[in-house]
Amino acid sequence: MPSLDLFSLSGRRALITGASRGIGLTLARGLSEAGAEVILNGRHRSALEAAQGDLPQARIAAFDVTDQAAVIEGIDAIEREMGPIDILINNAGIQRRAPLEDFARADWDALIETNVSAVFFTAQAAARHMIRRGAGKIINICSVQSELARPNIAPYTATKGAVRNLTRGMATDWAKHGLQVNGLAPGYFATEMNAALVADAEFTGWLQRRTPAARWGQVEELVGAAVFLASDASSFVNGHMLMVDGGISISL
Ligand code: NDP
């Protein structure tokens with residue numbers, strides 16, 4: 001196969017959770033440009049329809065990934081009505097910041113539900129179909145934060161560490177069924193999630209000094225890694241976490 005064809009996603013169908021904006025929507029656009037039929041997930045149909053304005057060929061599946069029954073129903077409906085899910089990107093996520101001594105129980109629970117439990121619910125529901133077919137690619141969006149210790153963000157970093165280890169476990173359990181499960185770990189990207197940090201000149205100064213690439217990442221810079229992990233180009237890559245972080249995770 002010519003080497004560039006290895007990256008083609010033509011004839012594949014991809015479900016991207018948390019794709020109403022930010023990284024999820026950008027990855028959906030990238031996978032679509034690589035040939036995939038993409039399905040955008042988020043909690044609110046109206047937000048997904050607005051996102052579709054940007055990506056008219058995309059389809060929509062609105063459900064809350066923290067609701068296991070809704071996830072199973074949503075994924076079964078996609079399989080039945082749109083066709084097999086070949087690629088799942090578990091991207092939906094939230095962030096909460098506060099000193100640990102003040103960290104609210106409700107925020108802790110929300111982080112665990114959205115960033116960890118939902119990854120399990122969605123991967124398990126999709127994997128049951130993929131296992132029947134003997135093929136499938138799952139990409140879990142991890143974070144550079146699982147590799148760093150920064151103030152006021154420990155519960156988020158704990159959830160992303162859990163996703164890293166879940167990725168390894170899923171890869172281990174499902175490889176024999178023909179599935180590949182990998183992680184993609186963004187560094188710092190200027191999305192809505194990081195709006196307060198983007199507005200903080202002191203933080204941006206720290207980021208520029210600390211990151212070898214000396215800047216924020218652009219969300220489009222995540223697309224190549226996602227297409228690689230979703231495509232035949234990564235056919236022997238399993239349980240890996242690919243960092244796309246301008247080098248911050250290896251810098252002192
Ligand atoms: P945004 O806040 O911009 O987008 C988050 C997306 O998740 C939205 O589409 C939101 O849609 C969706 N979402 C949230 N909760 C749920 C839910 N319960 N069910 C379904 N969808 C949900 O975040 P980013 O694009 O910045 O982040 C995307 C992922 O990347 C997250 O997992 C994040 O942790 C990770 N990440 C981000 C980094 C960054 O620098 N931005 C760095 C490292 C990792 P809606 O609200 O419409 O439901």
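Hi everyone. Let's start at a glycine: G35 comes after helix α1, and its phi is positive, near 115 degrees. Before I go on, please keep in mind that this is a predicted model.

Now to the helix itself. α1 covers residues 22-33. How far apart are the end C-alpha atoms of α1? They are 17 Å apart, and because each residue should add 1.5 Å, the 12 residues should span 16 Å, which agrees.

Is α1 mostly covered or mostly open? It is mostly covered, with 9 of its 12 residues buried. Among those buried residues are I23, L25, L27 and L31, and R29 is on the list too.

That brings us to the ligand. The shell around the ligand has 30 residues, and the closest are G18, G22, R43, G93 and T191. Two elements give two or more residues to this shell, namely α1 and β2, the latter at 37-42. Which of the elements gives the most? That is α1, with 3 residues. By type, the shell holds 15 polar residues, 11 nonpolar ones and 4 charged ones.

Last, the interior. The largest nonpolar core has 62 residues, and the members that touch the most others are A14, L31 and A226. Helix α4, residues 105-133, is the top contributor to this core, giving 8 residues. You may remember L31 from the buried part of α1.

And what does A14 touch? Leaving out residues up to four places away in sequence, A14 is in contact with L31, A36, V38, I39, D86, I87, I89 and A230.

Thanks for listening!

Conventions: Residues are numbered from 1 along each chain as its sequence is written. This is a predicted model: local features need pLDDT of at least 70, side-chain atom pairs count only at pLDDT 80 or more; totals for chains, interfaces and linings use all residues. A nonpolar core is a set of buried Ala, Val, Leu, Ile, Met, Phe, Trp, Tyr and Cys residues joined through C-beta atoms within 7 Å. A residue is buried if 20 or more other C-beta atoms lie within 10 Å of its own, exposed if 12 or fewer, and partly exposed in between; C-beta atoms are placed from the backbone. Helices (H or I, at least four residues) and strands (E, at least two) are DSSP runs, numbered from the N terminus. Two residues are in contact if their C-beta atoms, placed from the backbone, lie within 7 Å. A residue is near a molecule or strand if its C-beta atom, placed from the backbone, lies within 6 Å of it. Ala, Val, Leu, Ile, Met, Phe, Trp, Tyr, Cys and Pro count as nonpolar, Asp, Glu, Lys and Arg as charged, and the others, Gly among them, as polar. The expected span of a helix is 1.5 Å times one less than its number of residues.
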